[in-house]
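Please take me through this structure in the viewer, one selection at a time, and tell me what to look for at each stop.

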Amino acid sequence: MRFSALAILAAVPLAVDAYPQYAKRYASLNAEKRGKYPILRRAAAPYSDQYPYTGAKLDGQAGTGKGGVQVPAPGDTDHYYQDPPPGAFRGPCPGLNTLANHGFLSRDGITTYTEMVAGLQNVYNVDFATAVVLTLLGFVFDGDPVSQMLSIGGEAVDRTGQHGNFTGEYGGVSQHGTFELDVSLTRNDFYLNGDAYSLNGTLFGLMVETAKNTSTAENPLFDFNAMALYRLQQYQRARVENPWLYVPQLVLHNYGAATFLYEAFPSSAKNNTPDLETISSFFGAVQLEDGTWGHVGERPPPNWHNRVIPMNLADVTNGIDALYAAYPVDFGANVNGVWIPANQSYTPSTPSRKRQASGSGGDTNLICGAFQEIFITAQNSPQPYAMLEFILEKATPVMAPYNCSIPGLTSSS
Ligand code: HEM
């Protein structure tokens with residue numbers, strides 16, 4: 001079965017005339033200016049038969065899904081922690097920063113589709129279909145579909161594109177207003193200082209306090225209860241502190257990120273406990289003598305083992321629904337300090353969907369719904385046709401077992 005990008009573009013209303021004039025800026029980026037930035041790019045460290053992790057290779061394909069593996073594997077020095085090299089890109093996602101600090105993604109933070117799909121499977125034991133969904137979500141918001149490269153930090157078009165072949169102005173994962181939105185866990189709202197990607201130690205400390213209150217002061221747990229309450233507190237804080245707060249329904253993605261603290265980061269060698277040692281290590285948060293929190297490179301704690309059962313999309317979406325249902329909040333925006341509710345509502349489904357067999361990715365509706373969101377978002381990217389071709393190439397084989405019917409997506413043969 002082959003889907004057609006042109007068919008989608010023809011079928012779904014698309015403001016074709018609104019294409020950004022992407023070539024403009026880079027036409028003026030002369031060689032002298034480009035020469036200022038050293039090309040740091042090194043590929044991710046390759047996988048070897050000796051250290052296979054969950055079996056994914058740098059080929060965009062599925063691994064075995066067999067988790068419970070120590071990361072990094074003792075002796076696999078290629079995947080040991082290193083500080084980011086000078087000029088490297090890091091961003092708002094502690095999960096991706098950790099991958100780059102260990103060479104599962106290129107250590108300079110300029111990564112590729114295949115590195116990311118393999119890294120998510122091998123390190124966090126993310127199910128293959130879910131790894132593809134998460135990676136493509138990153139690309140439709142912030143990545144280059146032609147070079148198939150993505151900055152996990154700020155804009156790096158002079159590295160993800162090539163001279164004479166700049167296909168769009170892609171922001172990178174730090175780009176605010178795309179995948180990165182207000183009301184994060186430990187990152188500022190963009191409005192406050194223009195930096196929505198660095199760890200804010202004060203916010204990390206507040207998250208610790210919440211976890212102490214929902215579990216115990218001696219052993220704070222970053223579990224469902226802590227994350228549900230802390231997300232509410234962050235929302236309430238932002239409503240007051242950020243006069244230009246913007247909370248579209250898309251902010252539900254941030255609830256998904258909150259599930260990762262208790263779904264992806266806990267060590268299976270420690271009974272999957274989302275404790276402070278684990279969470280602070282992945283966030284790169286270190287407590288200073290005066291009790292405040294500073295930042296070092298993100299990494300798994302010592303002797304960390306990934307999940308035994310792959311994390312699938314149902315784990316994430318059920319988590320989003322349950323976290324939101326615990327403390328439902330209004331979507332909307334502060335406009336110069338005045339709250340304007342959005343004409344949007346979200347009814348979380350009762351998280352009763354049964355977990356499917358490992359390797360299944362979750363249920364069909366979830367997978368197909370996620371791909372539908374990806375296709376719709378692709379149409380707003382700087383190069384919608386190229387992005388749709390890229391998505392079709394990667395998504396079609398993954399969607400095939402689910403028989404997804406994406407509105408506007410017709411198939412031929
Ligand atoms: C299993 C893999 C992943 C894990 C464990 C993970 C973990 C996290 C966590 C814990 C946060 C919240 C940080 C905070 O609010 O302080 C976050 C945020 C974020 N992640 Fe990831 N992530 C993963 C995959 C990805 C992928 C594949 C992408 C895109 C390519 C991505 C992009 C982002 C972005 C843009 C944010 C910022 C959202 C916001 O706060 O506005 N993540 N991630």
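## Starting at the ligand

Select the ligand and the 24 residues around it, of which Cys 93, Gly 95, Gly 138, Ser 184 and Leu 185 come nearest. Keep in mind throughout that this is a predicted model. If the shell is coloured by residue class, it divides into 16 nonpolar, six polar and two charged residues. Colouring by helix instead shows that α4, α5 (113-124), α6 and α11 (252-263) each supply at least two residues of this shell, with α11 giving the largest share, four residues.

## Helix α5

Next, select residues 113-124, which form α5, one of the helices that contribute to the ligand shell. The helix has twelve residues and reaches 16 Å from its first C-alpha to its last, close to the 16 Å expected at 1.5 Å a residue. Eleven of those twelve residues are buried, so α5 is largely enclosed by the rest of the structure. The buried residues include Tyr 113, Glu 115, Met 116, Gln 121, Asn 122 and Tyr 124. To see what surrounds them, display α4, β2 (110-112), α6 and α15 (384-399), against which the buried residues of α5 pack. Then step past the end of the helix to Asn 125, which follows α5 and has a positive phi, near 50 degrees.

## Helix α6 and the nonpolar cores

From α5, move to α6, residues 128-142, whose end C-alpha atoms are 21 Å apart, which agrees with the 21 Å that 15 residues should span at 1.5 Å a residue. This helix is mostly covered, with 14 of its 15 residues buried.

Now select the largest nonpolar core, which has 92 residues, and highlight Val 132, Met 227, Phe 371, Ile 374 and Ile 391, the members that touch the most others. The largest share of this core, ten residues, comes from α6. For a closer view of one of the highlighted members, centre on Met 227, which, leaving aside its neighbours within four places in sequence, is in contact with Phe 222, Ala 258, Leu 261, Tyr 262 and Leu 323. Apart from the largest core lies another, of six residues, among them Leu 181, Ala 238, Leu 245 and Val 247.

## A sheet of three strands

Select β4, β7 and β8 together, and you have an open sheet in the order β4-β7-β8, with antiparallel pairing. The strands β4 (246-247) and β8 (338-341) stand at the edges, each with a single partner strand, so one side of each is left without a neighbour in the sheet.

Follow the pairings one at a time. Between β4 and β7 (residues 332-335) there are two bridges, and the partner of Tyr 246 in β7 is Ala 333. Between β7 and β8 there are four bridges, again in the antiparallel sense; here Gly 332 is partnered by Pro 341 and Val 335 by Val 338. When you reach the turn, look at the two residues between β7 and β8 in this hairpin, where Asn 336 takes a positive phi near 50 degrees. While the side chains are displayed, it may help to recall that in a regular strand they alternate between the two faces of the sheet.

## An exposed loop residue

Is Gln 50 buried or exposed? Select Gln 50 in the loop between α3 (31-35) and α4 (94-101); with 8 C-beta neighbours inside 10 Å, Gln 50 counts as exposed, because the cut-off for that class is 12 or fewer. Adding Gly 75 to the selection shows a pair that is 25 residues apart along the chain, with C-alpha atoms separated by 9.6 Å.

## Zooming out

Finally, show the whole protein chain, which has 15 helices and nine strands. Of its 413 residues, 48% are buried. If you draw the contacts between residues at least 6 apart in sequence, 67% of them join residues at least 24 apart.

Note on methods:
Residues are numbered from 1 along each chain as its sequence is written. This is a predicted model: local features need pLDDT of at least 70, side-chain atom pairs count only at pLDDT 80 or more; totals for chains, interfaces and linings use all residues. Two strands pair if DSSP finds at least two bridges between them. A residue is buried if 20 or more other C-beta atoms lie within 10 Å of its own, exposed if 12 or fewer, and partly exposed in between; C-beta atoms are placed from the backbone. The expected span of a helix is 1.5 Å times one less than its number of residues. A nonpolar core is a set of buried Ala, Val, Leu, Ile, Met, Phe, Trp, Tyr and Cys residues joined through C-beta atoms within 7 Å. Two residues are in contact if their C-beta atoms, placed from the backbone, lie within 7 Å. A residue is near a molecule or strand if its C-beta atom, placed from the backbone, lies within 6 Å of it. Ala, Val, Leu, Ile, Met, Phe, Trp, Tyr, Cys and Pro count as nonpolar, Asp, Glu, Lys and Arg as charged, and the others, Gly among them, as polar.
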